[in-house]
Amino acid sequence: MSIVRTANHRPAASAHRRRIDPVKAASFITLLITTFLMLLPLFFMVSTSLKSKKEMLKFPPTFLPESWAWSNYRDIFDTLQFGTLYKNSLIIAVLTVIGTLISSGLVAYGFARFRGRGNQFLFVLVLSTMMLPYPAIMIPQFVLFSHMNWIDTFLPLIVPAFFGSAYNIFLLRQFFSTLPEELFDAGRIDGCGELRMWWTIALPLSAPALATVAIFAFIYSWNDLLTPVLYLSSSEKFTLPVGMASLTSSRFRIPPWHLLMVASVLAMLPIVTLFALAQKQFVEGIVLTGIK
Amino acid sequence: MNNRNRKTSALLLAAGLTAMAALSGCSGGKSAGNVAEGNHGAADSGGSGEQVTITHYTIDSEDRTFIEKLIPDFEKEHPNIRVKVEKAPYEQFDSKLQTLIAGGKSPDVTSHYGYGGFAEYYNKDMLLDLTDLIKEDGFKQEDYHIPDNLMKIYTVKDRTYGIPVNMYVTLMLYNKDMFDAAKLSYPPSDYEDKSWTFDKMVEEAKKMTVVSDDIAKTQYGVDFTWAERDMRPLYFGAEPYSEDTWSNGGVPSETHFDSPGVIAAYQKLFDLIFKDKVSPTSEWSKSVAGQNGDPFVAGKIGMSIGGSWNLAGANDFPFKIGVAAVPWGGNDKVRSTLFVDPLMILKDSKHPKEAFEWIKYLVTTEVQEKSIELSGGNPPVNTEAAEAYYKHFEGIDPQDVKKVYEGAVKYGFESYNHLITNYSQINDMFINELQPVETGHKTLEEVMPVIQKKVTEIIKR
């Protein structure tokens, strides 16, 4: 239908020598301005990351660095043990993503595919864990992990991901529910067990939803500050956010914003890369699961 | 593999986890108590030869974690003691400390480096009474050149709870370039110079203030960020908290935030912004220097009254600076705030004796001198080491730093944030309630009775 309509429009438009649609033009300009405004902080982040310490304090701030301090990108490795922090954050985030996908995927599949008494109740119970703010469970959880001798290890940051999280379970359950029953009937006829159907039918068809969950889990773990602060005590185990927070921790000193911006630029890279790689799936995931 | 089985096992797992969490919650609390008890016994028997590890909990920033570099020498002198430094960013300092203590992993030594102050720790019963330890050890503050009045700050009802380690004061920093441009002579560093008054300061500030539509050209004469907001009336001689606050562990029996004296004092400070127009509004400061920034550092302020930590960054400022005395504002006794950071031993410490050894080490003259350099300019509490501190700042006459420091101590009052209970809540409330006055939307007469009511409520908590 839409093809027909454009075809009808075309000759009329060209007859009037490509008249500009004012509504379209206005929305284009609005988008352009918004994009510019959205990119401005990013621009300043990159620009500040290349300024010297003296220049960073200047007011009004310079738009582009007067002298390009590329050495900042080397200095960050001396100021913070940046490589170690980065590696730690990556290990934790990747394992968290794996854990989240396996556990939440499995639980969501259960909720989506099985009906039985108490099913709804359990689901509500799972969802209600979303109501608990982290500070409320902080201390009991710390006590629990401390009894397991997990303090100052990555375990408290990774293992909970292997036990599912309500939000991701909900997201995946909604997606799994949309898969047609016929597919699973076909699987059953071919002699698949439930686990096998989960692995060979449900998961491959759910790439968009899984990509969404993976990105959320990665970003959450990558940005998390409080949990690593609580559980890690040796510097060589710290994560990126902990190291970056230490740059602004002095009450007595001007924070080295230029170095902090270097760290921010570098910290952004995995998320930008991940998003670029999973963008198609991610956008599809949002459309299909109906979250905005 | 049927549905029912799966469901049952899921239920069992859920129940098991809940039970586990509940049980460990109980036993955690209990074991913390047991451990503390057991330890006092162990400490009494004397830390003879047996290897122990103590934890020093501090902020994760260079000016605090430098103590890690002092550990090797200390361990050489005390082969039976190992020191571990545990750290957290400033914002998370308090929550991590609370969790550690609740989780039975209490550190041994720390200070009130977060938002909470000494009085809060004291009233939550987190601190170990050091009095007996001090007596037993024969510790004398004279040996460490710690002034008597500083030792008294962390003494409640004749019991000592902290040993001072660093001392920050209030001082005036001024931008020499701006003074030169306005052809003004530099303000004095001598606290006894009677001509140096608040009004004189305002007069000079007027000569340096340039208000222009172009934000880049605008500059102000003075930024009077003297202490926390609730403390400012004291500068003009008005006392918002009753006298008994300082002797009974930080719980005032009365407050006077709606009294005419206190309101008049605040009025004088807000006049700097709205009547005399020699000080920036908070919005302007934020737009020039960011949320937590300081417009003085950006070279937009002639005189800045603030904590002596501002000096620590002085070697990096893009202009020449000097230090001066805080002008006389009408209070003959108080012209400066002291921020004395003590080292404290927590009640749940497993090795208080060894922890005390470590604290003593940190206040010796030699270590305090070394700490100035290592920390990048932390002011020592040890008066002998202070001589080295005065010489630490490039381009500033050590004589000026010395005079300003000694005057500030003489006319100093310990910061309220260390001395009043539930202080982080009081402070948050003050920032929120005074906001509309700072932006010119409300008057002090409207706001102060509300503050008075809220302070009373917070103190009772």
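The following questions and answers deal with a sheet and strands in chain B and a helix pair in chain A of a predicted model.

Residues count from 1 along each chain as its sequence is written, and chains are lettered from A in the order in which they are written. Local features need pLDDT of at least 70, side-chain atom pairs count only at pLDDT 80 or more, and side-chain values use heavy atoms, without hydrogens and water.

Trainee: Which strands of chain B stand at the edges of the open sheet?
Mentor: Strands are DSSP runs (E, at least two residues), and two of them pair if DSSP finds at least two bridges between them. The sheet has the order β8-β9-β7-β10 in chain B, with mixed pairing. Two strands have a single partner each, so one side of each lacks a neighbour in the sheet: β8 (220-224) and β10 (321-324).

Trainee: How many residues of strand β1 of chain B are buried?
Mentor: Buried means under 20% relative accessible area, with a 1.4 Å probe and protein chains only. Strand β1 (residues 52-59) of chain B is mostly covered, and the number buried, out of eight, is seven.

Trainee: Are helices α5 and α11 of chain A roughly parallel or roughly perpendicular to each other?
Mentor: Helices are DSSP runs (H or I, at least four residues). Axes are lines fitted to C-alpha atoms over the stretch in contact, with angles from 0 to 180 degrees between N-to-C directions. The axes of α5 (residues 82-113) and α11 (residues 194-205) of chain A come within 11 Å and cross at roughly 110°. Angles of 65 to 115 degrees count as roughly perpendicular and those under 35 as roughly parallel, so α5(A) and α11(A) are roughly perpendicular.

Terms used: Buried < 20%, exposed > 50% of the residue type's maximum accessible area, 1.4 Å probe, protein only. Parallel < 35°, antiparallel > 145°, perpendicular 65-115°, else oblique.
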